[in-house]
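Subject: A structure for you to look at

Hi there,

Here is the structure I promised to pass on to you. Please open it alongside this email, and my notes on what turned up follow just below.

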Amino acid sequence: MTGYPFSRRTLLRAGGHAALVAALARAPALAAPKFLDDPFTLGVASGDPAPDGFVIWTRLAPKPLEPHGGMPAEAVPVGWDVAEDESFRRIVRTGVALARPELAHSVHVEVGGLGSHRRYWYRFVVDGIASDIGTVRTAPAAGATLDRLRMAVAGCQHYERGLFTAWHHISQEADLDLVYHYGDYIYEGKAAGLAAAAKAPLVRHHNSDEIYSLDDYRQRYALYKTDPDLKAAHAAAAFVSTFDDHEVENDWAGDLDAGTTPPEVFLLRRAAAMQAWYEHMPVRMTQFPYRGSPRTYRRLDFGQLVRLHVLDKRSYRSIRLCEKPGNGNCVDTRDTPDTLLGGAQERWLGEGLTPAFAWNLLGLGGLVMPFDRSAQAVPSNGYDNWTGYPDARERLIGMIGERGKNVVITGGDSHMFFIGNLPSRRGDLESPSIAPEFHGTSVSSISTNGLPIGPDPRAATNPHISMIHDQRGYLLFDVAPKTWHADLRVVDQVFTPGGRISTLARYVVEPGRPQAVKV
Ligand SMILES: [Fe+2]
C-alpha cells in the first residue's frame with residue numbers, strides 16, 4: 001500500500017467520512033515514514049475497561065515476520081481517534097502516540113474521560129493510512145447497579161494444531177463486555193516436524209525454531225496476530241489479558257524452567273518473553289515489565305455486579321514437584337509450605353475478596369479442583385496445576401470460606417472443559433463445595449488425554465466434577481445479580497475453515513449456593 005495519496009481501500013476501511021479526512025490531514029506534519037505496505041498487519045485491540053476509558057493498542061509492522069516488523073529504527077508518531085459512532089462523525093478523544101523502536105513500535109494509549117458503560121469505536125492513522133476499526137465498551141460506574149455482564153473466556157491457541165475458528169465465533173457473540181484471556185496466547189516451540197505431525201493434525205507451521213530472544217518472541221506474536229479470526233475478536237471487544245506458561249516456556253515456575261537451565265539464565269529468557277508479552281497485549285502501564293517482571297495481577301470492577309481478580313499463577317510459585325523423579329528443575333518433596341501465588345499476591349487477593357460485589361470471579365488458571373486420576377489413559381500427577389501446590393490450595397479454600405462471597409473460579413490450561421465444584425475439605429472430594437469452577441477448554445491446542453474428542457470418563461469417578469469434555473471452544477458467561485450462566489461453546493472442527501459453533505451444555509450458579517448446576 002502507498003502512503004499519500006491515501007488509497008480507496010484506506011478510506012473504505014476507516015469509514016470514508018469527513019472526520020477521517022481531518023485525521024489523515026494531521027499525519028503528514030508528523031514526519032512518519034512512507035509506508036509501501038500496510039503498517040497495521042497485526043490489527044488493533046482494546047483492553048482493561050474502566051468506567052472512564054480503556055487501553056487501545058496497535059503495533060506498526062509492515063513486514064510482520066521480519067526483524068523489527070520491517071520498521072526503521074526510529075520513533076514514529078501515530079494518530080488515534082475514539083468516537084461515539086462507527087462512522088467517526090462524533091469523535092470525542094483524539095491524540096498522537098509515539099510508536100517506539102524499543103517497544104517494537106507498539107502503541108498503548110490509555111484513553112480516559114469517557115462515559116461509563118458506553119460503547120465507543122477507535123482507530124489509528126499513520127502516513128495517511130488508517131487501521132481497522134475496533135469497538136469497546138467502558139465499564140459501568142463504580143457502585144452502579146447492573147443487570148447484565150457478558151464475557152467470553154478463552155485461551156490456549158496453538159497455531160499449528162488448529163484454526164482460530166473459536167476466535168471468529170467470539171467476534172460474532174452479541175454484546176460482549178469483555179474477553180478474559182487466560183494465557184497460552186502463543187506457543188514457544190519450534191515448527192513441528194514429522195513426529196508431531198504423526199501425533200495429531202497440523203494445519204500450519206510455526207515460523208522458526210524454538211524461541212529465546214526478544215526478536216524471536218516478537219516474530220512469534222506477529223505470526224499469531226496476523227490470524228484474521230484473532231484480529232476480528234480483538235476488534236470486537238476489550239480483552240483482559242494475562243499469561244500462562246507458553247508465553248515463556250512449558251511449565252515454568254518462578255525463576256525456573258522445567259529443564260535444568262540455571263535460574264539466572266532462564267530469567268534472561270523470561271525477561272525477553274515478558275517484554276514481548278507487554279508489547280503485544282492491550283494492557284495498561286501498570287503492567288509494564290519493569291526489570292523484566294510485569295505486575296499483572298489486578299482487579300477490574302463492573303458496577304456492583306462483578307469484581308474480576310486477574311491472577312499471576314506463574315511468576316511467584318514454588319519450585320515444581322517432579323512428575324518423574326529427577327526430571328529437571330523440580331523436587332520430590334518440599335520442606336516448607338508451597339505457594340502458587342506468592343505471599344504478596346495471596347494477601348492482595350484476600351484483601352480484595354469482598355461481598356460489596358454480587359460476584360467475585362477468580363481468574364486462577366490451571367485446574368484448582370483436585371481429582372482422582374486413576375481412570376486416565378495417559379498417567380500424570382497434574383503437578384503443574386493446583387494439585388502440585390496443596391498447601392496453597394488449602395489456604396485459598398480457607399480464604400474463600402472466610403472472606404469470599406459468591407466466588408466463581410475460571411481459567412484454563414488443560415485443553416479440556418472441567419466443570420465442577422471445589423471441595424471444602426482436603427482429601428474429601430465429597431465435602432461441600434466452596435466455589436464452582438469453570439475451567440475452559442482451548443481455542444486450538446490439543447489435550448493429552450489420549451482419547452477421541454468428546455466426553456472424558458474420568459468425570460464418572462469424581463463426585464465433585466460434573467463434566468470433563470475434550471473439544472475446542474470457549475466459555476461464555478452471562479452474569480446477572482441472581483444468576484451466573486455459563487455456556488460451553490464448542491466448534492465442530494478446527495482443521496478446515498468454517499467450523500460451526502454450538503452450545504454443548506449450560507450451567508447456572510445462584511447466589512449463596514456455590515454449585516455449578518447443569519440446566
Ligand atoms: Fe495451553
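Let me start with H309. Leaving aside its neighbours within four places in sequence, H309 is in contact with R298, R299, L349, G352, L353, N360, L361, L362 and G363. One of these deserves a second look: the C-alpha atoms of H309 and L361 are separated by 6.1 Å, while the two residues are 52 apart along the chain. H309 has its place in strand β13, and it counts as buried because its relative accessibility is 0%. Do keep in mind throughout that this is a predicted model.

**The sheet around H309**

Strand β13 belongs to an open sheet of eight strands with mixed pairing, and the order is β12-β13-β16-β17-β19-β18-β21-β20. Its edge strands are β12 (298-302) and β20, each of which pairs on one side only.

At one of these edges, β12 and β13 (residues 306-310) pair in the antiparallel sense over five bridges. If you would like a pair to click on, D301 has R307 in β13 as its bridge partner.

Now go to strand β21 (residues 465-470). Is this strand largely enclosed or open? Five of its six residues are buried, so β21 is largely enclosed by the rest of the structure. Two strands pair with β21:

- Strand β18 (residues 417-425) runs antiparallel to β21 and is joined to it by four bridges. Here G420 stands opposite I465 of β21.
- Strand β20 (residues 454-455) is also antiparallel to β21, with two bridges between them. In this pairing, G454 has D470 of β21 as its bridge partner.

A general point may help while you look at these strands: in a regular strand, side chains alternate between the two faces of the sheet.

**The iron site**

Which protein residues are the donors of the iron ion? They are C156 (SG), D184 (OD), Y187 (OH) and H415 (NE2), lying 2.0 to 2.6 Å from the ion. Along the chain, the donors follow the spacing C-x27-D-x2-Y-x227-H. C156 is in the loop between β9 (149-154) and α3 (165-172), and D184 is in the loop between β10 (178-181) and α4 (194-199), so this pair ties together parts that are 28 residues apart in sequence.

The site is irregular, with angles of 85 to 170 degrees among the four donor atoms. Two of the donors can be placed by their accessibility as well: C156 counts as buried at 0% relative accessibility, and D184 counts as buried at 0% too.

**A disulfide**

How many disulfides are there? The count comes to one disulfide. It is formed by C322 and C330, whose sulfur atoms are 2.1 Å apart. The link between C322 and C330 is right-handed, with 100 degrees about the S-S bond. Both C322 and C330 are buried.

**Helix α7**

Helix α7 (residues 263-280) has 18 residues. From its first C-alpha to its last, α7 reaches 25 Å, close to the 26 Å expected at 1.5 Å a residue. The buried residues of α7 are F266, R269, R270, A272, A273, M274, A276, W277, Y278, E279 and H280. What do these buried residues pack against? Their partners are β2 (53-59), β5 (106-111), α5 (214-225) and β11 (238-241). As background, an α-helix has 3.6 residues a turn, so residues three or four places apart point the same way.

**Two backbone angles to check**

Most residues other than glycine have a negative phi. With that in mind, have a look at these two:

- D48 has a positive phi, near 40 degrees. Its place is in strand β1 (residues 44-50), and D48 is buried, with a relative accessible area of 4%.
- H117 also has a positive phi, near 50 degrees. H117 sits in the loop between β5 and β6 (119-126), and it is partly exposed, with a relative accessible area of 32%.

That is the tour. Happy exploring, and do write back with any questions.

Best wishes

Methods: Residues are numbered from 1 along each chain as its sequence is written. This is a predicted model: local features need pLDDT of at least 70, side-chain atom pairs count only at pLDDT 80 or more; totals for chains, interfaces and linings use all residues. Side-chain values use heavy atoms; hydrogens and water are left out. Donors are N, O and S atoms within 2.8 Å of the metal (3.2 Å for Na, K and Ca); water is not among the atoms, so sites may look incomplete. Four donors count as tetrahedral if all angles lie between 85 and 135 degrees; four count as square planar and six as octahedral if opposite donors are over 155 degrees apart and all others between 65 and 115; anything else is irregular. Buried means under 20% relative accessible area, exposed over 50%, partly exposed in between (1.4 Å probe, protein chains only). A disulfide is a pair of cysteine sulfur atoms within 2.5 Å. Two strands pair if DSSP finds at least two bridges between them. The expected span of a helix is 1.5 Å times one less than its number of residues. Contact means heavy atoms within 4.5 Å.
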